[in-house]
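Colleague: Could you teach me how to read a protein model, one feature at a time? I would like to hear the general idea and then the case in front of us.

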Amino acid sequence: MKSHVVERFKFEAAHAVVIDGKPEEIHGHTFRLEVTVEGPLRNSYVIDFLQLRAIVEEIIKKLDHRNLNALFENPTTENVALWIASEVEKRLPEGIRLHRLRLWEGDENGVEFEF
């Protein structure tokens, strides 16, 4: 039996996405992130919430209160989410895998990837 563990985070960042070759005006968002990992129950849990939180917080501290254009060629929410996913996958313990990642740009707009 596989189980899922979900943690939620938020961070503040600015970006100017390039659409049809033209950059938007730089603007900021409160990004909301939801990370779901999957794995077998071992000793009655999948992964300690604090361990997962530490993994993700290490990653998002690189984004928090930053201009995302300094970090990404085109900092769309999709590109940022895929980068976060890649970084999370590198750090997960053996036997635990990333199942889903959702990144919300503000309250209304978001992307979701399932792995």
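Colleague: Let me start small: does Asp20 count as buried or exposed?

Modeller: Buried means under 20% relative accessible area, exposed means over 50%, and partly exposed is in between, using a 1.4 Å probe and protein chains only. Asp20 counts as exposed because its relative accessibility is 78%. Before we go on, please note that this is a predicted model, in which local features need pLDDT of at least 70 and side-chain atom pairs count only at pLDDT 80 or more, while totals for chains, interfaces and linings use all residues. Residues are numbered from 1 along each chain as its sequence is written, and side-chain values use heavy atoms, with hydrogens and water left out.

Colleague: Where is the place of Asp20?

Modeller: Helices (H or I, at least four residues) and strands (E, at least two) are DSSP runs, numbered from the N terminus. Asp20 sits in the loop between strand S2 (18-19) and strand S3 (22-23). Compare sequence with space here: Asp20 and Arg8 are twelve residues apart in sequence, yet 32 Å apart from C-alpha to C-alpha.

Colleague: How many helices and strands are there in the protein?

Modeller: The protein has two helices and seven strands. Along the sequence they follow the pattern β-β-β-β-α-β-α-β-β. The C-alpha trace spans about 50 × 25 × 25 Å along its principal axes, and 41% of the 115 residues are buried.

Colleague: What is the order of the strands in the open sheet?

Modeller: Two strands pair if DSSP finds at least two bridges between them. Here an open sheet of five strands has the order S5-S1-S4-S6-S7, with mixed pairing. At its edges are strand S5 (66-67) and strand S7 (109-114), each pairing on one side only.

Colleague: How many bridges join S1 to S4?

Modeller: S1 and S4 run antiparallel and are joined by 14 bridges. Two examples let you trace the pairing: Glu12 is opposite Thr30 in S4, and Val6 has Thr36 of S4 as its bridge partner. S1 is also joined to S5 by two bridges, and these two strands run parallel. There, Ala14 is opposite Asn67 in S5.

Colleague: In what sense do S4 and S6 pair?

Modeller: Strand S4 (residues 27-40) and strand S6 (residues 97-105) pair in the antiparallel sense, over eight bridges. Look for Leu33 opposite Leu103 in S6, and for Glu34 opposite Arg102 in S6.

Colleague: Which side chains along S1 point to one face and are buried?

Modeller: Follow the strand and you will see the side chains alternate. Ser3, Val5, Glu7, Phe9, Phe11, Ala13 and His15 point to one face and are buried, while Lys2, His4, Val6, Arg8, Lys10, Glu12 and Ala14 point to the other and are not.

Colleague: Now the helices. At roughly what angle do the axes of H1 and H2 cross?

Modeller: Two packed helices are described by the angle between their axes and the distance between the axes. Axes are lines fitted to C-alpha atoms, for helices over the stretch in contact, and angles run from 0 to 180 degrees between N-to-C directions. In this model, the axes of helix H1 (residues 49-60) and helix H2 (residues 77-91) come within 10 Å and cross at roughly 135°. That makes H1 oblique to H2; angles under 35 degrees count as roughly parallel, over 145 as roughly antiparallel, 65 to 115 as roughly perpendicular and the rest as oblique.

Colleague: Which residues of H1 and H2 make the contact?

Modeller: Contact means heavy atoms within 4.5 Å. H1 brings Ile55, Val56, Glu58 and Ile59, and H2 brings Trp83, Ile84, Glu87, Val88 and Arg91. These contact residues divide into six nonpolar, no polar and three charged. Ala, Val, Leu, Ile, Met, Phe, Trp, Tyr, Cys and Pro count as nonpolar, Asp, Glu, Lys and Arg as charged, and the others, Gly among them, as polar.

Colleague: Which strands does H1 lie across?

Modeller: H1 lies across strand S1 (2-15) and S4, running at about 25° to S1. H2 packs on the sheet too, touching S1, S4, S6 and S7, and its direction makes about 150° with that of S6.

Colleague: One last feature: what is the phi of Asn43?

Modeller: Asn43 has a positive phi of about 55°, although it is not a glycine. Asn43 is in the loop between S4 and H1 and is exposed, with a relative accessible area of 69%. His65, also not a glycine, has a positive phi near 60°. His65 lies in the loop between H1 and S5 and is exposed, at 62% relative accessible area.
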